[in-house]
There are 2 protein chains.
Amino acid sequence: MSARTPDTARDIPEATVARLPVYLRALIVLADAGTATCSSEELAAAAGVNSAKLRKDLSYLGSYGTRGVGYDVEYLRYQIAREIGVTQDWPVVIVGIGNLGHALANYSGFRSRGFRVVALLDADPARHEEVVAGLDVRSFDDLEGIVEEHDVSIGVIATPAVAAQDVADRMVAAGITSVLNFAPIVLSVPEGVDVRKVDLSIELQILAYHEQRKAVTARAEDAS
Amino acid sequence: MSARTPDTARDIPEATVARLPVYLRALIVLADAGTATCSSEELAAAAGVNSAKLRKDLSYLGSYGTRGVGYDVEYLRYQIAREIGVTQDWPVVIVGIGNLGHALANYSGFRSRGFRVVALLDADPARHEEVVAGLDVRSFDDLEGIVEEHDVSIGVIATPAVAAQDVADRMVAAGITSVLNFAPIVLSVPEGVDVRKVDLSIELQILAYHEQRKAVTARAEDAS
DNA sequence: CTCGTTTTGTTCTCGCGTTCACAAACTCCT
DNA sequence: AGGAGTTTGTGAACGCGAGAACAAAACGAG
């Protein structure tokens, strides 16, 4: 076995992985528009990146294009989907059914991309009456049973910051190994568990920084 | 004028800018806990980064620490807030009051970080009856008036993908120069306008990729 | 079959960001 | 006052990712 690493086991740079879903989306748009073939230039424009970067990214997956012609939209779409793993069905639990949890539960983009929300959990018993997006809101104590029953490996945390670490600990203990965290707090998890953070106010603060600089430099130019 | 660039006009690397809000949040937690002083090691742990990186990041702002002692929590907090621009009040409009728009309008994290939602807009007249987070949902046609009245420079797009480019165009025409986009589409805007994108399903797809690889490598180790 | 055109896949170079390591600066204790 | 112990700020080395540029491959026309 001194040969190549087989199949999907190659090493794809993190920056490329983050862009593959963008390419996938662009390909779906092209496919829906009836396009059968596209060049790296077209696809790059649709995805908002440079064409050289696109080609390099795709080359990590393999040689799926044809020189002089371009890429077969359906074929490339399937290959990227397979590489990311969205050809299969990923069960997901959402914990914390406040405003954001509601929005996430109803978000159609999950379903259409291979993610299936199997349960909505909340610690507050007052919420257990509710039905959101066709699912009962259940007690947080049901977590372990649900994870086992549906073989869930991805959890979404949409609780307030104070509860987030506890939720994460329980998730990890129950067997979840990937966490998408919307709470504004840095989670600590054991090795082998992936956490991605989405922080709405941080994005706004980054915009504010640049906005402030625009104002400063504009004033400086006025003065000169 | 061969001297230094004055005051806040230094050049802060983009990667550092993205971390400053994280440090700011960590400092607020420390301040609330009554901590007066902290070392780079402590703050780095609270922010989830390496201490050398933290020190280098802070050094771009200036020399706000004391060797042998550490950083004054309140002082550093103010300096970072000033650098980002969140000591002032940023008016924000949100367009698209569906599930996500609701969640954003009610998100307390904006208000507490110097952002004030001044208007909620939606193209659907059926929604104009509603009151969300204490604000009337208004017609999208009111955009220009609101931007002018409140001097808004930041807009949030929480519409479906098909509407997003139109909304962005109208925002830019009305004078908005920073856009936070939640719609799953690549926006094209003129030079000088900043766009940041938050895509919920992309984050999940990145997790799925790594999850899939965990499964593959685990099986490979079992076999060996 | 050959030549010109198109477009991919890849090599190379450059710049940015991360990390290490250490000198400079400050505090505290004796 | 002086020395030991901390902790910051930064210079230098390193690695990764972006973009330019080009060679290899496919297609089509004559």
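Start by selecting A:G65 and DNA strand C: a polar backbone atom of A:G65 is 3.0 Å from a phosphate oxygen of the strand. A polar contact here is a pair of N or O atoms within 3.5 Å. The model is predicted; local features need pLDDT of at least 70, side-chain atom pairs count only at pLDDT 80 or more, and totals for chains, interfaces and linings use all residues. Residues are numbered from 1 along each chain as its sequence is written, chains are lettered from A in the order in which they are written, and side-chain values use heavy atoms, with hydrogens and water left out.

**Strand C**

Add A:Y64, whose polar backbone atom lies 3.5 Å from a phosphate oxygen of DNA strand C. Next take A:G68, where a polar backbone atom is 3.1 Å from a sugar or linking oxygen of DNA strand C.

Now widen the selection to the 27 residues that surround DNA strand C, a residue being near a strand if one of its heavy atoms lies within 4 Å of it. The closest are A:S40, A:G68, A:Y71, B:R19 and B:R67. Of the strand C atoms within 4 Å of the protein, 69% belong to sugar or phosphate and the rest to bases.

Colour by secondary structure (DSSP runs, helices H or I of at least four residues and strands E of at least two, numbered from the N terminus). The largest share of the surface near DNA strand C, four residues, comes from α3(B).

**Strand D**

Move to DNA strand D and select A:R19, which has a side-chain N or O atom 2.8 Å from a phosphate oxygen of DNA strand D. With A:K56, a polar side-chain atom lies 2.5 Å from a base oxygen of DNA strand D. On chain B, a polar backbone atom of B:G68 is 3.1 Å from a sugar or linking oxygen of DNA strand D.

In total, 26 residues surround DNA strand D. For this strand, α3(A) gives the most to the surface, with four residues.

**The annotated stretch of chain A**

Select A:G96, A:I97, A:G98, A:N99, A:L100 and A:G101, which an unreviewed UniProt entry annotates as "binding site"; such annotations may be inferred rather than shown by experiment.

Within this stretch, A:G98 sits in the loop between β4 (90-95) and α5 (99-106) of chain A. Beyond neighbours within four places in sequence, A:G98 is in contact (heavy atoms within 4.5 Å) with A:D122 and A:R127.

Finish at A:N99, in helix α5 of chain A. Not counting residues up to four places away in sequence, A:N99 touches B:A103 and B:N106.

Note on methods: Polar contact = N/O pair within 3.5 Å; in protein donor to acceptor, adjacent residues only side chain to side chain.
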